[in-house]
Amino acid sequence: MIFEQFHKMGVIPIAVLDDAKNAVPLAETLCRNGLPCAEIIFNSAAEESIKIISREFPDILVGAGRIMTAEQADRAMNAGAKFITSQGINPEIVQHCIDSFIPVIPGAITPSEVEQAINLGLNIVKFFPAEPAGGLPMIKALSESYNNLRFMPAGGITKKNIRDYLSCGVITACGINWITESELISSGRWDNVELLIKEAVKIVKEVRG
C-alpha cells in the first residue's frame, strides 16, 4: 500500500516546479538521498514534470498536489501521478479518484470535513494548513473521536516541530516544503537541496527508527 510507504518515509516533499527542466534533477536528488517521493503542486509546469519523473524514475512515488477539479485529476493521472492530494475536500474529486483506483488524500480540518471523508470511504486525510488550524493538539483531539482515521499534516511544519508530529501515532507522514524550496530549485542549488533532504531523512530515522 502506498500509505505504508508514506509512513516508512515519514515525510513527503512538496515541490513547486515552475519549469519542467527541474523535474529530473529533483527526482535524482530525492532518490539518491533515500526519499523517493514528491508531491508536485499542480501548476502550468506540473503535468509535464510529473510525466518526466514517472517515465525516468518509475519507482518514485510522484503525486499531484492542490488538485481542484476532476479534470485536473485526470490530467495528473494520465501524466503518471500515483496519488492525488487537495487542500480541501471536494466529493466530486474524491469519488472520481476512487472510481479511477488512485489514492486520494483530501484536506480536512474540522469534524464535519472529517466525517465527510469517512463517509466517502477514506481512512486518511490531509490536515492543511496544519499549524494555523490548530496543529498537533487539534489532530489529537480529532483522533479521539475518529480513532480509525490517519492524518498527513502539511503547512507550517518545520525542523523545530516536525519531531513532535512524527512521534504521534495517528500521523502517517508530514508534508514539508522546506527541503524543496522554490528558490533553491529555480536557481539550481541542488547541493543545498541534498543537504536538507539528508537532514529530513535523519530526523525521521531518529524519531521512528
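**Close-up 1. Phe127 and Phe151, two buried residues.** Both Phe127 and Phe151 are buried in this predicted model. Their rings form an aromatic pair with an edge-to-face arrangement. The ring centres are 6.3 Å apart, and the planes meet at 80°. Phe127 belongs to strand β6 (residues 124-127), while Phe151 belongs to strand β7 (residues 150-153). The pair thus links distant parts of the chain, 24 residues apart.

**Close-up 2. The aromatic pair of Phe6 and Phe83.** The structure contains 3 aromatic pairs, one of them formed by Phe6 and Phe83. Their ring centres lie 5.0 Å apart with the planes at 80°, so this pair is edge-to-face. Phe6 is part of helix α1 (residues 2-9), and Phe83 is in the loop between α4 (70-79) and β4 (84-85), so the pair ties together parts that are 77 residues apart in sequence. Phe6 has a relative accessible area of 0% and is therefore buried. Phe83 also counts as buried, because its relative accessibility is 0%.

**Close-up 3. A cluster of Phe3, Phe6 and Phe83.** Ring pairs join Phe3, Phe6 and Phe83 into a cluster. Two of its members, Phe6 and Phe83, are the buried residues of the preceding view.

**Close-up 4. Lys126 and the ring of Phe128.** Lys126 is placed over the face of Phe128. The distance to the ring centre is 5.5 Å. Within the numbering of strand β6 (residues 124-127), Lys126 falls inside the strand.

Conventions
Residues are numbered from 1 along each chain as its sequence is written. This is a predicted model: local features need pLDDT of at least 70, side-chain atom pairs count only at pLDDT 80 or more; totals for chains, interfaces and linings use all residues. Side-chain values use heavy atoms; hydrogens and water are left out. Rings of Phe, Tyr and Trp (its six-membered ring) pair if their centres lie within 6.5 Å; planes under 30 degrees apart count as stacked, over 60 as edge-to-face and the rest as tilted. Helices (H or I, at least four residues) and strands (E, at least two) are DSSP runs, numbered from the N terminus. Buried means under 20% relative accessible area, exposed over 50%, partly exposed in between (1.4 Å probe, protein chains only). A charge sits over a ring if NZ of Lys or CZ of Arg is within 6 Å of the ring centre and within 35 degrees of the ring normal.
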